[in-house]
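Reader: I would like a close look at one part of this model, namely its aromatic rings, and then at the surroundings into which they fit. Please take the structure shown below as the starting point.

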Amino acid sequence: MIKNYFKIAWRNLVRNRLYSIINIGGLAIGMAVSFMLLLYVYNEFSFDKFNTNSDRLYEVMRNQPSNGELQTGTATPVPMAPAMIKDIPEIDKVARTNWPYDILMNYKDKAIKINTMAADPDLLTMFSFNFIYGNKNALSDMSSIVLTQSGAKALFGDINPVGQVIKLNNQYPLKVSAVIKDNPVNSSFVFKALISWQQLTAEQQWLKTSGWGNYSFFTYVMLKPGVSLASVNSKLKYIVKRYDPNNKENTMFLYPFTRLHLFSDFKNGVNTGGRIDSVKLFLFLAIGILIIACINFMNLSTARSERRAKEVGVRKAVGARRFALVQQFMGESLLLAFLALIISLVLIIVLIPFFDDIIHLQLSLPYTNLWAWGAAIGVTVFTGLVAGSYPALFLSSFKPVKVLKGQVITTKSTVRPRQILVIVQFTFAVCLILSSIFIYKQINYIKDRPVGYDRNGLVDLPVEGVMDKKFESFRLDAINSGAITDGALTSMSIANNGSSSWGITWQGQLPGEDKLPIDQLVGTYHIVSTYGLKLIAGRDFSAAYPSDSAGIMLNQVAVKLMRFKQPLGQIVKYQGKNCKVVGVIENFVWGSPYEPVKPAIIGFNDWKGNIALKLNPKKSISTSLNILQSIYKKYNPQYPFEYKFTDEKFNQKFNSERLLGTMSAGFTCLAIVISCLGLFGLASFSAEQRRKEIGIRKVLGATTGHLWFNLSQEFVRLVIISFIIGSAISWYYIHQWLYKYTYHTSISIWVFLITMFLSLTICLLTVSWQAIKAAITNPVKSLRSE
């Protein structure tokens with residue numbers, strides 16, 4: 001019997017090839033995309049939770065008053081860690097780290113840059129690292145280095161490197177003490193090598209005297225088991241005030257390490273979300289796509305099932321029980337659903353590398369996760385049972401005599417649920433279309449705002465080796481060669497805002513204003529000409545004015561903050577010395593392009609971390625870079641010539657919105673395709689139900705155009721209803737999203753009109769094939785039984 005059921009199922013698949021491909025393919029594509037999105041969501045929710053002590057791990061954060069609000073951040077001072085161990089007995093371990101950066105490493109004749117982080121030795125015992133060679137005491141010696149598996153392979157190949165000596169920056173010999181597996185994709189740590197905090201201090205001597213005013217590092221804490229977080233936070237809150245009365249406004253607190261990835265946004269000291277908003281959106285997309293794919297499968301399955309009414313009548317006439325018919329239809333539906341599941345798994349394996357490129361992660365199928373397999377199989381079984389329930393329960397209830405006479409009862413009640421499902425599908429599609437358009441509209445609006453400097457042709461190089469000492473010679477050679485028009489030494493790229501200072505004083509200052517953090521960019525000469533900044537008043541730093549070593553430039557917001565009517569020549573105490581204002585710069589975008597420009601100081605100092613170069617527009621970029629490389633090798637031969645374009649760095653500020661836009665656009669197209677399949681199924685069902693009506697109308701003289709209009713208008717009504725509902729929902733949520741940004745695009749009526757036009761066009765193109773096919777059918781075929 002089961003063998004016969006399979007034969008019948010296979011014959012039905014072959015007989016209706018087009019519908020079978022659309023039905024199984026639509027569900028398979030929906031499942032594949034939904035499951036990939038759920039993989040991404042699972043990865044985000046599992047971030048950092050693989051650590052054995054995850055429930056006891058915290059990161060130290062600070063609240064700092066600024067302009068009447070609390071600014072929350074993760075940067076902490078160097079003395080914080082020893083002070084916490086001394087003052088708070090509930091703390092088990094503490095570890096400091098810096099921000100990972102690329103360091104040149106030499107082994108024999110090989111020299112490569114490896115992303116390196118410095119940390120206290122306890123980091124290896126607090127967090128779960130998988131050791132291939134060595135153990136958790138690997139950083140106890142300051143001359144040790146720990147490599148990840150990929151870092152070790154890059155330097156040493158496939159040999160065991162423990163005990164081998166490498167040179168850091170061509171100066172510091174370090175012995176490899178351990179090799180660990182690469183950090184998982186759901187880890188906040190992204191380094192390829194670990195050096196000890198003592199080694200970092202030996203390289204950067206200023207760290208030995210770094211006080212409580214320098215918030216540049218990260219501090220992680222592991223509490224003892226059973227300790228109350230509230231109790232620890234009450235002791236930690238005013239630790240800065242105890243050791244540094246000048247910074248008594250800063251308060252500290254511990255924040256769960258596993259929450260920081262998703263809940264990193266704070267407003268006035270209170271958590272307001274973070275990446276969790278995007279993750280929830282992708283979860284909604286995954287569930288929505290899966291639902292509309294399942295709806296389509298059900299619609300298309302039931303739309304074709306009534307063709308088998310006579311088969312049911314014959315089977316019942318020869319003695320088939322209703323239960324046997326229910327088994328047959330349910331089995332066929334489950335078979336189709338499981339075929340779709342198998343195809344979806346193949347699609348995931350094929351598509352996941354492309355998906356990884358979009359989200360910049362490396363996801364993999366959870367082959368060993370029983371919960372994941374259970375959920376996938378559960379969704380498949382549920383879809384198959386629901387899709388098979390209509391033919392199984394409805395058709396099997398028909399009286400064989402009526403069925404064999406062609407008297408199949410059809411009522412409007414069988415159509416309404418399908419209409420509701422199509423409305424749900426198209427409402428979802430309309431929401432996605434509107435969201436995608438507004439996301440791209442917002443990105444383009446922000447990107448087109450003036451940034452206050454010329455990004456075109458700007459290149460950043462790291463200051464390495466002897467380049468800080470040889471920079472002026474390098475700059476002059478580069479200008480004389482025609483490769484650049486100018487260059488400057490700066491503390492960081494103008495595209496990155498990662499430095500601020502407080503304790504700044506000026507004449508007429510109000511109480512508390514010396515505690516306000518002010519953004520700072522530090523450099524030497526030629527900053528204005530290199531970046532193309534616009535001088536409102538005064539001049540750039542110049543070697544012709546030796547006093548410029550104590551000079552500063554202010555942006556317009558800083559001048560407004562300090563209430564200078566005549567800013568030039570004013571004295572501002574900055575970095576512990578009295579500095580004269582020599583220039584006023586037009587406001588430029590340095591931090592987030594979505595936020596108002598903040599007060600900023602451009603100071604003169606020798607904090608040299610970046611070389612900014614303005615390429616000569618009269619030469620091609622490749623020619624200029626080749627010339628620069630040869631000049632760079634002349635002065636700094638032991639280091640590779642590495643550069644980054646400033647406009648690329650600036651565009652990275654839009655990565656989150658761009659990812660949101662890319663995924664929304666992609667899934668909008670998919671939702672439209674799946675929704676069209678739903679319309680196709682409903683049109684097919686409607687045409688099947690109304691075939692005799694169409695035949696009678698045609699006999700009475702109805703034209704093909706009239707019949708097309710008559711069949712299409714009900715679907716147009718459904719799409720218009722979907723558009724109204726989807727527009728209302730979208731307007732509300734888009735309004736909420738846009739008004740999170742200080743600078744945002746407008747909610748334009750033309751976007752809604754375009755969306756309505758697209759929706760109606762897609763609807764008519766989808767439905768017309770079935771409508772015209774039904775309209776041109778010979779009425780004799782549908783009326784011959786009358």
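How many aromatic pairs does the structure hold?

Author: The model is a predicted one, and the structure holds 26 aromatic pairs. One of them is formed by Trp 212 and Tyr 243, whose rings are stacked, with 5.2 Å from centre to centre and 15° between the planes. This pair links distant parts of the chain, since Trp 212 sits in the loop between helix H6 (197-203) and strand S11 (218-223), while Tyr 243 belongs to helix H8 (residues 239-243), 31 residues away. The two partners can also be described by their accessibility: Trp 212 has a relative accessibility of 11% and therefore counts as buried, the cut-off being under 20%. Tyr 243, with 32% relative accessibility, counts as partly exposed because its value falls between 20% and 50%.

Aromatic residues also come together in a group, as Phe 127, Phe 129, Phe 189, Phe 191, Tyr 220 and Phe 257 form one aromatic cluster. Other rings have an arginine over the face: Arg 259 lies over Phe 263, at 4.1 Å from the ring centre, and Arg 449 lies in this way over Tyr 743, at 3.7 Å from the ring centre.

Aromatic residues appear again in the nonpolar interior. The largest nonpolar core has 109 residues, and those with the most contacts inside it are Leu 37, Tyr 40, Phe 355, Leu 533, Ile 602 and Phe 667. In soluble globular proteins, nonpolar side chains tend to be buried together. Phe 667, if its neighbours within four places in sequence are left aside, is in contact with Val 33, Leu 37, Leu 285, Ile 289, Phe 355 and Leu 432. Helix H2, which runs over residues 17-45, has 29 residues that should span 42 Å at 1.5 Å a residue, and the separation of 41 Å between its end C-alpha atoms agrees with this. H2 is mostly covered, with 21 of its 29 residues buried.

Polar residues in buried places also have aromatic contacts. Ser 759, found in helix H23 (residues 749-775), counts as buried because its relative accessibility is 2%. A polar atom of its side chain lies 2.8 Å from the backbone oxygen of Thr 755, and, not counting residues up to four places away in sequence, Ser 759 touches Phe 426, Val 430 and Val 719.

Ser 493 is found in the loop between strand S16 (484-490) and strand S17 (500-501), and at 2% relative accessibility this serine counts as buried. The side chain of Ser 493 makes a polar contact of 2.7 Å with the side chain of Asp 460 and reaches the backbone nitrogen of Ala 495 at 3.1 Å. Beyond its neighbours within four places in sequence, the contacts of Ser 493 include Tyr 531 and Trp 590, and among them are also Asn 610, Thr 646 and Lys 649.

As for the wider setting, the chain has 24 helices and 26 strands, and its C-alpha atoms fill a box of roughly 105 × 60 × 55 Å along the principal axes. Buried residues make up 51% of the 786 residues in the chain. Of the contacts in the chain with a separation of 6 or more, 79% are accounted for by residues 24 or more positions apart.

Definitions and conventions:
Residues numbered from 1 in each chain as written. Predicted model: local features only at pLDDT ≥ 70, side-chain atom pairs only at ≥ 80, totals over all residues. Heavy atoms only, no water. Helix = DSSP H or I, 4+ residues; strand = E, 2+ residues; numbered from the N terminus. Expected span 1.5 Å × (residues − 1). Buried < 20%, exposed > 50% of the residue type's maximum accessible area, 1.4 Å probe, protein only. Phe/Tyr/Trp six-rings, centres within 6.5 Å; stacked < 30°, edge-to-face > 60°. Lys NZ or Arg CZ within 6 Å of the ring centre and 35° of its normal. Polar contact = N/O pair within 3.5 Å; in protein donor to acceptor, adjacent residues only side chain to side chain. Contact = heavy atoms within 4.5 Å. Core = buried A, V, L, I, M, F, W, Y, C linked by side-chain atoms within 4.5 Å.
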